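Me: Please go through this structure with me, one question at a time. Keep each answer short and end it on what was asked.

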Amino acid sequence: MSLQSSDPALITTTHLVKSEDLNHHQTLYAGRCVEWCVQMAYIAAENCFNEARPVVFMSIRSLSMRTPARLGEILRFEGRVDYIGESTIGIKVDAWKLQPKDDPRPVATGTFLFCTVDEQGRAVAHGLPALAGASSASQRRWKQDDLAVGRSPA
Ligand SMILES: CC(C)(COP(=O)(O)OP(=O)(O)OC[C@H]1O[C@@H](n2cnc3c(N)ncnc32)[C@H](O)[C@@H]1OP(=O)(O)O)[C@@H](O)C(=O)NCCC(=O)NCCS
């Protein structure tokens, strides 16, 4: 379930940590946490549009697991737009334990890049307005190429 908060730039979802979400340390499995973060980020990217648009995942720019989460704990994932390019949308996700409410430590934080595409799956401008108040350093970080890899010549 995804919920719109009173801050229109913020969208949230909650997950209950169940036994199938645990690793052999009996804490939240990182792979499951990544899945929940990417899903939250995708929903936050789609939330930019009044009508559904084809938006595809491009990359995980960063992800940190900060605090272990355990069986029965409820996690709140918050997604907000952190970068707007021509065809790309960068989303920041923070995950917190629902309780205790005053715990200042996040469970996980991450940044995720998405791209709007046409019917052929090619990048296409989304037409979203520039992000108000974004620092140029933060915007530069999003533009840095994290995918500078290619096939070696045969
Ligand atoms: C997303 C995709 C269409 C982009 O195509 P592309 O040819 O690599 O991208 P383009 O060169 O046209 O650039 C598109 C945008 O991505 C940005 N971009 C491209 N490579 C990047 C990189 N390595 N790091 C950061 N941004 C990058 C460009 O700067 C451009 O941004 P802007 O339009 O906001 O200025 C293509 O990579 C793709 O189809 N990927 C697979 C997606 C997928 O299968 N996802 C899983 C299912 S949802």
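**Core, helix and loops**

Reply: In this predicted model, the largest nonpolar core has 26 residues, and those touching the most other members are Cys-37, Ala-41, Ile-91, Val-93, Ala-95 and Phe-114.

Me: Which element gives the most residues to this core?
Reply: At least two residues of the core come from each of α1, β4, β5 and β6. With 7 residues, the top contributor is α1.

Me: Does the end-to-end distance of helix α1 agree or disagree with its number of residues, and what is that distance?
Reply: Helix α1 covers residues 30-46, which is 17 residues. At 1.5 Å a residue the expected span is 24 Å. The distance between its end C-alpha atoms agrees with this, at 24 Å.

Me: Which strands do the buried residues of α1 pack against?
Reply: The buried residues of α1 are Cys-33, Trp-36, Cys-37, Met-40, Ala-41, Ala-44 and Ala-45. Residues three or four places apart in an α-helix point the same way, because a turn takes 3.6 residues. The strands packed against are β2 (10-16), β3 (55-65), β4 (74-84), β5 (88-97) and β6 (108-116).

Me: Is Gln-26 buried or exposed?
Reply: Gln-26 sits in the loop between β2 and α1, and its phi is positive, near 65°, though it is not a glycine. A residue is exposed if 12 or fewer other C-beta atoms lie within 10 Å of its own. Gln-26 has 10 such neighbours inside 10 Å, so it counts as exposed.

Me: Where is Pro-100 found?
Reply: Pro-100 is joined to Gln-99 by a cis peptide bond, with omega about -5°. Its place is the loop between β5 and β6.

Notes
Residues numbered from 1 in each chain as written. Predicted model: local features only at pLDDT ≥ 70, side-chain atom pairs only at ≥ 80, totals over all residues. Helix = DSSP H or I, 4+ residues; strand = E, 2+ residues; numbered from the N terminus. Expected span 1.5 Å × (residues − 1). Buried ≥ 20, exposed ≤ 12 C-beta atoms within 10 Å, placed from the backbone. Contact = placed C-beta atoms within 7 Å. Core = buried A, V, L, I, M, F, W, Y, C linked by C-beta atoms within 7 Å.
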